[in-house]
Amino acid sequence: MARQAKDRVQRTGGSGEGSGPSNVPEFSVSELSGAIKRALEDGFGHVRLRGEISGYRGPHASGHCYFGLKDEKAKIDAVVWRGVFSKLKVAPEEGMEVIAQGRITSYPGSSKYQIVIESLEPAGVGALMAILEARKKQLAAEGLFDDARKQLIPFLPRVVGIVTSPTGAVIRDMLAGFTERYPARVVVWPVRVQGETSGAEVAAAVRGFNGLPTAGGPVLRPDLIIVARGGGSLEDLWGFNDEAVVRAVAESELPVISAVGHETDWTLIDLAADARAPTPTKAAEWAVPKFADLVSQTTDLTGRLRSSAFRRIDLARSALKAAAGGLPRRDNLLALPRQRFDALEQRLPRALVASTRGHANRVGQAAARLQPGLLRSRIGSSADRLRAASSRGREALLHIAGQRRRRLDLLAGRVSVQPILMRSQASRDRLDGVTRRSALAFHSIVDGRRRSLDSLAMLLKSLSYQGVLSRGFALVRNREGVAQRQAGGLQAGMQLSVEFHDGRVGVVVGNDSPVGLGPGGGQKTSSAGSDVTTQTGLSNEATVSSAVDGEPTRNQKNRGKRRAPDQGSLF
């Protein structure tokens, strides 16, 4: 049929301008595709073809295998049917150079010609795989793949930089992964992920992220870089085997996650990166933790911290009680000193009388030996010695004063007051400078402390449970000041304290309200076989001590002395 169609076209030729309708027969697309298919099968039949396997992904779900055979200039699609695949002596592998024997045919559904392989035998390692292995050995010898060079992935990066194509499905899947786990700020550096320029663009993107300023720039510097691309053949992923890309990733100061291809694909960038994710979606999951897990861990650690604090207080209280029990009693400590004091008290009057008598006897004996003449002679001799000493002292003083005056006159000729004045002025200037700097430093420190205090005050206000009360909530405590979270533990007649954002009121639990919400807005529950109604409003049975008689309630008196242990449960 193909020859007949060709002969008809040659005999009739095309229609020229102004000629009548062409007599060339019309073919449908199916007829033409079938004719081309038969022409290929008749013209070539069985052939032996040498080439490198490309794009091999294993058997299809149907059991058939689809890949390509290529050389330096051309590529042809290849098919191995399920029955033939199970009989092959050598299983196909990506990059393997093989000799395939089969028949040439076409696939009309996509207007492609292909070879249906019937036998396969290896012919050596492919050219691309040989280049890849040689480059891998060279870069490994330089230490670019050493584990010592790899960095740890940050636990919670603030900004994540992604190097990928902005129009593919990869970036959409990764953004969806960030949204589901932990919303993070993402900066995308658009590049081509396939083609001759892809390697240079990826290397420039990695170096560009590292070159961003740490603060104050128009683009935020990421804490983590993800290089991502979907799956493909060895040729499609060849840009990520480029030496410039590998060196840029190895020299990166920021941690890099490689997410190129599927789990079975590998490139040289996977060996140089700090972590290798099997898929781009998995890289997004590795980059940030799950928000729900963070909340769960924080809640668990908070509970453990509170429990450990309570246990530490209980242990300290027990140790204090044990130490107090081992101390002796006060009466036992004071018994012996009291007995000694009583004994000394009894001996003191007799000792005073005896001491007075002894002193009186000694005074009497001394008075008997004293005579006026003896005193006058001693006074006279003492006056003579005093006059002699006074005359010698006056002469010595005049002598010393004369020597000092002569020495002072000698020194006065050599001493000048000008250096002293200059040193005094310099010291005064330094003192003024120190005074000014100390005043400025004091004001600066005071301003810094004031700003810190204001920020802490704002933080305290935002974290205080009073902010929750101002939004319409109320905190219910029992008489001991413990927060009451459930109505099931309330009993009729129980006194409660309800704290609003503008003050506290005292209420009493009633038992005469119907099931559901009572007149005071309470909820009726059953406890110990009786109906108990919690009055959360100001009902007839509520006692408002603070608003009626001005007397503070028991909880208001205890405010500041003790903090309810469950006061933070409002958040």
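This tour moves through a predicted model, one selection at a time.

**The whole chain**

Begin with the full protein chain, which carries 16 helices and 15 strands. Of its 571 residues, 29% are buried. Contacts between residues at least 6 apart in sequence are then worth displaying: 63% of them join residues at least 24 apart.

**The open sheet**

Select the strands β7, β6, β8, β9 and β10. They form an open sheet of 5 strands, in the order β7-β6-β8-β9-β10, and the pairing is parallel. The edges are held by β7 (185-190) and β10; each has a single partner strand, so one side of each lacks a neighbour in the sheet.

**Strand β9**

Next, isolate β9 (256-260). How many of the 5 residues of β9 are buried? The count is 5 of the 5, so the strand is largely enclosed by the rest of the structure. In a regular strand, side chains alternate between the two faces of the sheet. Here Val256, Ser258 and Val260 point one way, while Ile257 and Ala259 point the other way.

Add the flanking strands to the view. On one pairing, β8 and β9 run parallel and are joined by 5 bridges; within it, Arg229 has Val260 as its bridge partner. On another, β9 pairs with β10 (residues 275-276) in the parallel sense over 2 bridges, and Ser258 is matched with Arg276. Showing α7 as well completes a right-handed β-α-β unit made of β8, α7 and β9.

**Just past β10**

Move on to Ala277, in the loop between β10 and α9 (280-287). Its relative accessibility is 0%, so Ala277 counts as buried. Setting aside neighbours within four places in sequence, Ala277 is in contact with Ile257, Ser258 and Ala259, and also with Lys282, Ala283 and Trp286. A C-alpha distance to Ala228 gives 9.3 Å, across a separation of 49 residues in sequence.

Lys282 leads to a further selection: it forms a salt bridge with Glu285, with the closest N and O atoms 3.3 Å apart. Because the two are 3 residues apart in helix α9, about one helical turn separates them. Glu285 is partly exposed at a relative accessible area of 30%, and Lys282 is likewise partly exposed, at 31%.

**The nonpolar cores**

Now display the largest nonpolar core, which has 33 residues; Val163, Val227 and Val249 touch the most other members. Elements giving two or more residues to this core include α4 (127-141), β6 (159-164), α6 (198-211) and β8 (224-229). Centre on Val249: apart from neighbours within four places in sequence, it is in contact with Val206, Val256, Ile269, Ala272 and Ala273. A second, separate core contains 17 residues, among them Met174, Ile226, Ala287 and Val288.

**A buried arginine**

Arg135 is in helix α4. What is the nearest side chain of opposite charge to Arg135? That side chain is Glu243, 5.1 Å away; Arg135 is buried yet has no salt bridge. Not counting residues up to four places away in sequence, Arg135 touches Trp238, Asn241, Asp242, Glu243 and Leu268.

**Salt bridges elsewhere**

A search of the whole structure finds 16 salt bridges. Select Glu52 and Lys70, whose side chains meet in one of them at 3.4 Å, N to O. Glu52 lies in strand β1 (residues 46-54) and Lys70 in strand β2 (residues 65-70), so the pair ties together parts that are 18 residues apart in sequence. Both Glu52 and Lys70 are buried.

Then select Asp265 and Arg57, which meet at 3.6 Å, N to O. This pair links distant parts of the chain, 208 residues apart: Asp265 is in the loop between β9 and α8, and Arg57 in the loop between β1 and β2. Asp265 is buried, with a relative accessible area of 9%, whereas Arg57 is partly exposed at 39%.

**The end of β4**

The last stop begins at Ser106 in strand β4 (residues 96-107). Ser106 is buried, at 10% relative accessibility. Beyond neighbours within four places in sequence, its contacts are Ser33, Lys37, Leu40, Lys112, Tyr113 and Gln114. Pro108 follows in the loop between β4 and β5 (112-125), and is partly exposed at 42% relative accessible area. From Pro108 to Glu31 the C-alpha distance is 10.0 Å, with their positions 77 residues apart in sequence.

Methods
Residues numbered from 1 in each chain as written. Predicted model: local features only at pLDDT ≥ 70, side-chain atom pairs only at ≥ 80, totals over all residues. Heavy atoms only, no water. Core = buried A, V, L, I, M, F, W, Y, C linked by side-chain atoms within 4.5 Å. Buried < 20%, exposed > 50% of the residue type's maximum accessible area, 1.4 Å probe, protein only. Helix = DSSP H or I, 4+ residues; strand = E, 2+ residues; numbered from the N terminus. Contact = heavy atoms within 4.5 Å. Lys, Arg positive; Asp, Glu negative; His and termini not counted. Salt bridge = Lys/Arg side-chain N within 4 Å of Asp/Glu carboxyl O. Pairing = 2+ DSSP bridges. Right-handed = clockwise from strand over helix to strand, strands pointing away.
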